[in-house]
Amino acid sequence: MATLDFVVDGRKPVTEEGDNALIVWSPFVSTSEPVAVGTFRDFTDRTAQVSGTFNGATVEIHGSLDGQSYQALTDPQGNPISFTQPGIKAILEATPYVKPVVTGAGGSTDLKIMVYVRRNL
């Protein structure tokens, strides 16, 4: 199975230039689908948004400091970031590696997962 890559909308290269970028994983259709990991070391403000058809799916946004061990990221209130319906949430932690994790996807799951990153100047 091919890895679902992400696309970057914003000034490029995202790790060297520009004040912001939108990272998009789409279409996300399977729980077992491997995803490319976004690397965004220079961007501290982050927001996640998920839209589309969930069909029983749960989307979490995970982060890592080393690119090997991933944990669920949290919102500013300390709650794990988890979507079971379309929504948008701020991400508290500024980890250099970010990826979506989807569980429980049904046959008609079709999601667009986005993370907006902004550099504080």
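This is a short walk through one protein chain, from its overall make-up down to a single residue. Before anything else, keep in mind that we're looking at a predicted model.

Okay, the overall picture. The chain has zero helices and 10 strands, so to speak a plain run of β after β from the N terminus on. There are 121 residues, and 37% of them count as buried. As for what faces outward, the chain exposes about 6,300 Å², with carbon and sulfur atoms supplying 49% of that. And the contacts reach a long way along the sequence: take those between residues at least 6 apart, and 72% of them join residues at least 24 apart.

Now, the inside. Which residues touch the most other members of the largest nonpolar core? Those are Val59, Ile61, Phe83, Leu111 and Ile113, out of 22 residues in that core. Strands 2, 4, 5, 9 and 10 each supply at least two of the core's residues. In general, nonpolar side chains in soluble globular proteins tend to be buried together.

Let's pick out Ile113. Leaving aside residues up to four places away in sequence, Ile113 touches a whole list, including Ile23, Trp25, Phe28, Val50, Val59, Ile61 and Pro100.

Last stop, Thr58, which sits in strand 5. Is Thr58 buried or partly exposed? Its relative accessible area is 21%, and buried means under 20%, so Thr58 is partly exposed. With residues up to four places away not counted, Thr58 touches Ser82, Phe83, Thr84, Val101, Val102 and Thr103. Look at Phe83 there: Thr58 and Phe83 are 25 residues apart along the chain, yet their C-alpha atoms are separated by 5.6 Å.

How values were computed. Residues are numbered from 1 along each chain as its sequence is written. This is a predicted model: local features need pLDDT of at least 70, side-chain atom pairs count only at pLDDT 80 or more; totals for chains, interfaces and linings use all residues. Side-chain values use heavy atoms; hydrogens and water are left out. Helices (H or I, at least four residues) and strands (E, at least two) are DSSP runs, numbered from the N terminus. Buried means under 20% relative accessible area, exposed over 50%, partly exposed in between (1.4 Å probe, protein chains only). Contact means heavy atoms within 4.5 Å. Accessible areas come from the Shrake-Rupley method with a 1.4 Å probe; for residues, only the protein chains shown count as cover. A nonpolar core is a set of buried Ala, Val, Leu, Ile, Met, Phe, Trp, Tyr and Cys residues joined through side-chain atoms within 4.5 Å.
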